[in-house]
Amino acid sequence: RFGGRGRIMKCFLIYANTYKDKDLAVTKRICGFLEQAGQRAAVVTSGDGGEETESFSESLAAGRAGCCDQRERLLKEADCMIVLGGDGTVLQAAREIGERNIPIIGVNLGTLGYMTEIEPANLEEALGRLVAGEYEQECRMMLEGRVCFFDGGVQEDWALNDIVLSRSGSLQIIRFDIYVNGQFLNSYNADGMIVTTPTGSTGYNLSAGGPLVEPRARLMMLTPICPHSLHQRSIILSPEDVIDIQIPECRRGGVQTVEVNFDGSHVIPLRTGDRIRVTRSEKVTEFIRLNQISFLDVLHRKMQA
């Protein structure tokens with residue numbers, strides 16, 4: 001248990017994945033506890049992966065009238081977001097917050113996750129400590145991706161976990177030209193390319209054979225997906241570096257079609273002549289920690305599962 005104290009919170013935003021919290025049983029437990037403690041609680045529900053917001057109200061029984069106005073008002077007033085689900089739900093909730101710096105704490109309703117700290121069996125105890133201010137906050141870096149199209153158009157987005165470029169359409173190896181700080185690094189022939197934060201090192205990066213990184217670190221990683229090579233591995237870069245990934249013509253001079261994915265949510269199609277610039281974002285995501293369970297402890301438990 002931490003010895004320090006955080007600021008006292010009064011307004012809680014509960015983000016519930018209805019696929020994981022069927023009948024909103026855990027959500028109702030949280031609302032009941034917070035109401036008895038004299039706190040305000042608002043609820044937003046979504047399906048699996050947070051694809052669609054179904055309701056947003058100051059109580060589970062409230063109607064939908066004026067929900068957009070309520071949403072904006074409560075997002076401004078919320079001191080904390082309690083997320084019910086798994087790591088994917090936490091990522092979606094972080095996107096829902098947008099530019100508002102609302103600290104997040106997750107309730108694990110899936111398999112053992114890296115971002116969800118509270119287990120349902122210890123829910124009331126954890127909520128009591130949260131209300132009492134017995135917690136610490138942990139800042140996580142994020143990525144910003146700026147897509148520059150060949151025709152001059154631009155799109156931007158950000159990610160807490162990773163920005164992934166992968167093939168679109170037929171099963172073919174994609175060629176990527178990588179530049180760091182304006183200097184050519186290498187051409188990769190692979191199924192895709194992952195640019196990840198330390199938080200995202202346990203996601204797709206892990207499946208692609210990339211290294212695991214303590215989530216409070218400040219760095220960026222480039223990990224190719226199934227590279228057509230015997231020697232290409234992940235590259236670790238400084239958070240101040242600027243990564244440019246260009247989509248050239250394929251070896252036979254044809255057009256390549258690729259898509260870039262931000263945290264498994266927002267997808268932008270790319271083709272030959274387009275590029276994406278990835279940098280460290282000015283935005284950060286704040287996580288609330290109630291326990292002194294280290295990343296290595298969670299990693300050990302994950303390996304034993």
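The questions and answers below go through a predicted model of one protein chain.

Q: How many helices and how many strands are there in the protein chain?
A: The model is predicted, and its secondary structure is counted over the protein chain. The count comes to 6 helices and 18 strands.

Q: What percentage of the residues in the protein chain is buried?
A: A residue is buried when its relative accessible area is under 20%. The protein chain has 305 residues, and the buried share of them is 50%.

Q: What percentage of the contacts between residues at least 6 apart in sequence joins residues at least 24 apart?
A: Contact here means heavy atoms within 4.5 Å. Among contacts between residues at least 6 apart in sequence, the share that joins residues at least 24 apart is 67%.

Q: What share of the accessible surface of the protein chain belongs to carbon and sulfur atoms?
A: The accessible surface of the protein chain is about 14,300 Å². The part that belongs to carbon and sulfur atoms is 48%.

Q: How many residues apart in sequence are the parts that the salt bridge of arginine 95 and aspartate 157 ties together?
A: The side chains of arginine 95 and aspartate 157 form a salt bridge, with N and O 2.7 Å apart. Arginine 95 belongs to helix H3 (residues 87–97) and aspartate 157 to strand S8 (residues 154–159), so the pair ties together parts whose separation in sequence is 62 residues.

Q: Are arginine 95 and aspartate 157 buried or exposed?
A: Helix H3 is mostly covered, with 9 of its 11 residues buried. The buried residues of H3 include Leu91, Ala94, Arg95 and Ile97. For the salt-bridge partners, arginine 95 and aspartate 157, the answer is that both are buried.

Q: Which partner in the salt bridge of aspartate 177 and arginine 175 is partly exposed?
A: The side chains of these two residues meet with N and O 3.5 Å apart. Aspartate 177 has a relative accessibility of 9%, so it counts as buried. With a relative accessible area of 29%, the partly exposed partner is arginine 175.

Q: Which strands does the pair of arginine 275 and aspartate 244 link?
A: Arginine 275 and aspartate 244 form a salt bridge, and their closest N and O atoms are 3.2 Å apart. The two residues are 31 residues apart, and the pair links distant parts of the chain, strand S18 (residues 275–289) and strand S15 (residues 243–246).

Q: Is aspartate 244 buried or exposed?
A: Its partner arginine 275 is partly exposed, at a relative accessible area of 27%. Aspartate 244 has a relative accessibility of 6%, and the limit for burial is under 20%. Aspartate 244 is therefore buried.

Q: Which residues do salt bridges that share partners join into one network?
A: The count of salt bridges comes to 13. Salt bridges that share partners form one network, and its residues are Glu138, Arg140 and Arg289.

Q: At roughly what angle do the axes of helix H1 and helix H4 cross?
A: Helix H1 covers residues 25–36 and helix H4 covers residues 123–131. Val26, Ile30 and Phe33 are among the H1 residues that meet H4, where Leu123, Leu127 and Val131 are among the residues met. The axes come within 11 Å, and their crossing angle is roughly 40°. That angle makes H1 oblique to H4.

Q: Is the crossing of H1 and H4 left-handed or right-handed?
A: The handedness concerns the way one helix is turned relative to the other. For H1 and H4 the crossing is right-handed.

Q: How far apart in space are leucine 109 and proline 120, C-alpha to C-alpha?
A: Leucine 109 sits in the loop between strand S5 (104–108) and strand S6 (116–118), and at 19% relative accessibility it counts as buried. Beyond its neighbours within four places in sequence, leucine 109 has contacts that include Val26, Leu84 and Pro120. Leucine 109 and proline 120 are 11 residues apart in sequence, and their C-alpha atoms are separated by 7.5 Å.

Q: What is the phi of asparagine 181?
A: Asparagine 181 is in the loop between strand S10 (174–180) and strand S11 (183–190). The residue is partly exposed, with a relative accessible area of 47%. Its phi is positive, though the residue is other than glycine, and lies near 55°.

Q: Is cysteine 226 buried or exposed?
A: Cysteine 226 lies in the loop between strand S13 (220–225) and strand S14 (235–237). Although not a glycine, cysteine 226 has a positive phi of about 45°. Its relative accessibility is 51%, and the limit is over 50%, so cysteine 226 counts as exposed.

Methods:
Residues numbered from 1 in each chain as written. Predicted model: local features only at pLDDT ≥ 70, side-chain atom pairs only at ≥ 80, totals over all residues. Heavy atoms only, no water. Helix = DSSP H or I, 4+ residues; strand = E, 2+ residues; numbered from the N terminus. Buried < 20%, exposed > 50% of the residue type's maximum accessible area, 1.4 Å probe, protein only. Areas by Shrake-Rupley, 256 points an atom, 1.4 Å probe, with all protein chains shown as cover. Salt bridge = Lys/Arg side-chain N within 4 Å of Asp/Glu carboxyl O. Axes fitted to C-alpha atoms, helices over the stretch in contact; angles between N-to-C directions. Parallel < 35°, antiparallel > 145°, perpendicular 65-115°, else oblique.
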